[in-house]
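Reader: I would like a close look at one part of this protein, the packing of its interior. Please take me through it residue by residue, then set it against the rest of the chain.

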Amino acid sequence: MKKIVVLISGRGSNFLAIQETALCEDWANTIDAKIVGVISNRPDAKGLELAAGYGIDTKVIDHKLFETREAFEEELYKAVSAYKPDLIVLAGFMRILTAGFVDRFPGKILNIHPALLPSFKGLDTHQRAIDAGCRVHGTTVHFVTAALDGGAIIAQAVVPILPTDDEHTLADRVLVYEHQIYARAVKACVTGKVRYENERAVMDNDTAMSLTLLGQC
Ligand code: GRF
């Protein structure tokens, strides 16, 4: 069984989308994969309740209880590696992970970022895309490296920006496609259709097509 561990900090809608896709498509039997654990750095993360509702093991590693980032990451490393994961999925996990953590799982950590990387790394992506006058915006799934929002791109979804948009309406539009594309990307990685080689995401043309979404309103 391929084991997936999800790291969250908040509401967990991306976790939920992946879990529901896994159930709908019966990943346990069709691709021999399942989410085995959800870990949050915040005790009040809504996603923890969602995970528990599915009978998924949950853990909290509260970053506020650690004096240094290194100490927090060491505890996180212990919690994650206890699952012997094949894939680690950051789903709204709002802590920066340093090389001390990331380099112990090369090519095994995915993140979703709410912008079309390499544009708009970091925070406030929706407002920044509006302020820049972009006509399109979107979301990116990428391998995680120590460079913030900088690892190889796996999947992207593009959505229009409308003249009437504010950051909230735009975020809502992007989120619909986050949910679709992240579940697809996780499946593609767990089944070996996407591989991490020489710091690139390697895949065939059909896989690349399925991991590129052009969204509407
Ligand atoms: C998403 O927009 C994701 O792209 C960003 O944080 C948000 C998390 O939402 N990194 P959720 O917790 O998955 O609902």
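Author: Contact here means heavy atoms within 4.5 Å. The model is predicted. With that cut-off, take Ile154. Setting aside residues up to four places away in sequence, Ile154 touches Leu110, Val141, His142, Phe143, Ala185, Cys189, Val194, Ala201, Met203 and Leu211.

Ile154 belongs to the largest nonpolar core, which has 46 residues. Ile4, Val6, Ile154, Tyr182 and Val186 touch the most other members. Helix α7, residues 167–190, supplies the largest share of this core, eleven residues. A second, separate core has 19 residues, including Ile39, Val80, Phe93 and Val102. In soluble globular proteins, nonpolar side chains tend to be buried together.

Stay with helix α7. Ala188 sits in this helix. Is Ala188 buried or exposed? Its relative accessible area is 7%. The limit for buried is under 20%, so Ala188 counts as buried. Outside its neighbours within four places in sequence, Ala188 contacts Lys193, Val194, Thr207 and Leu211. Val194 and Leu211 are also on the contact list of Ile154.

Now follow the contact to Thr207. This residue lies in helix α8, residues 205–210. Thr207 is buried too, at 6% relative accessibility. Ala188 and Thr207 are 19 residues apart along the chain, and their C-alpha atoms are separated by 7.6 Å. From the side of Thr207, the contacts beyond four places in sequence are Ala188, Lys193 and Val194. Lys193 and Val194 also appear among the contacts of Ala188.

For contrast, look at Tyr77. Tyr77 is in helix α4, residues 69–81. Its relative accessible area is 22%, so Tyr77 is partly exposed. Tyr77 touches Phe101, Arg104 and Phe105, not counting residues up to four places away in sequence. How far is Tyr77 from Ala201 in space? The C-alpha to C-alpha distance is 24 Å, with their positions 124 residues apart in sequence. Ala201 is one of the residues that Ile154 touches.

Next, the loops. Asp149 lies between β6 (136–143) and β7 (153–160). Asp149 is not a glycine, yet its phi is positive, about 50 degrees. Asp149 is buried, with a relative accessible area of 10%. Asn198 also has a positive phi, near 50 degrees, and is a residue other than glycine. Its loop runs between β8 (195–197) and β9 (200–202). Asn198 counts as exposed, at 75% relative accessibility. One more loop holds a cis peptide bond. That bond runs from Leu117 to Pro118, with omega near 10 degrees. Pro118 is in the loop between β5 (109–113) and α6 (125–131).

Step back to the whole chain. The protein chain has eight helices and ten strands. Its radius of gyration is 17 Å, close to the 17 Å that the globule rule gives for 217 residues, so the chain is as compact as a globular protein of that length. Of those 217 residues, 46% count as buried. Among contacts with a separation of 6 or more, 65% join residues 24 or more positions apart. The accessible surface is about 10,700 Å², and 52% of it belongs to carbon and sulfur atoms.

Technical notes: Residues numbered from 1 in each chain as written. Predicted model: local features only at pLDDT ≥ 70, side-chain atom pairs only at ≥ 80, totals over all residues. Heavy atoms only, no water. Helix = DSSP H or I, 4+ residues; strand = E, 2+ residues; numbered from the N terminus. Rg over C-alpha atoms; globule rule 2.2 N^0.38 Å. Buried < 20%, exposed > 50% of the residue type's maximum accessible area, 1.4 Å probe, protein only. Areas by Shrake-Rupley, 256 points an atom, 1.4 Å probe, with all protein chains shown as cover. Core = buried A, V, L, I, M, F, W, Y, C linked by side-chain atoms within 4.5 Å.
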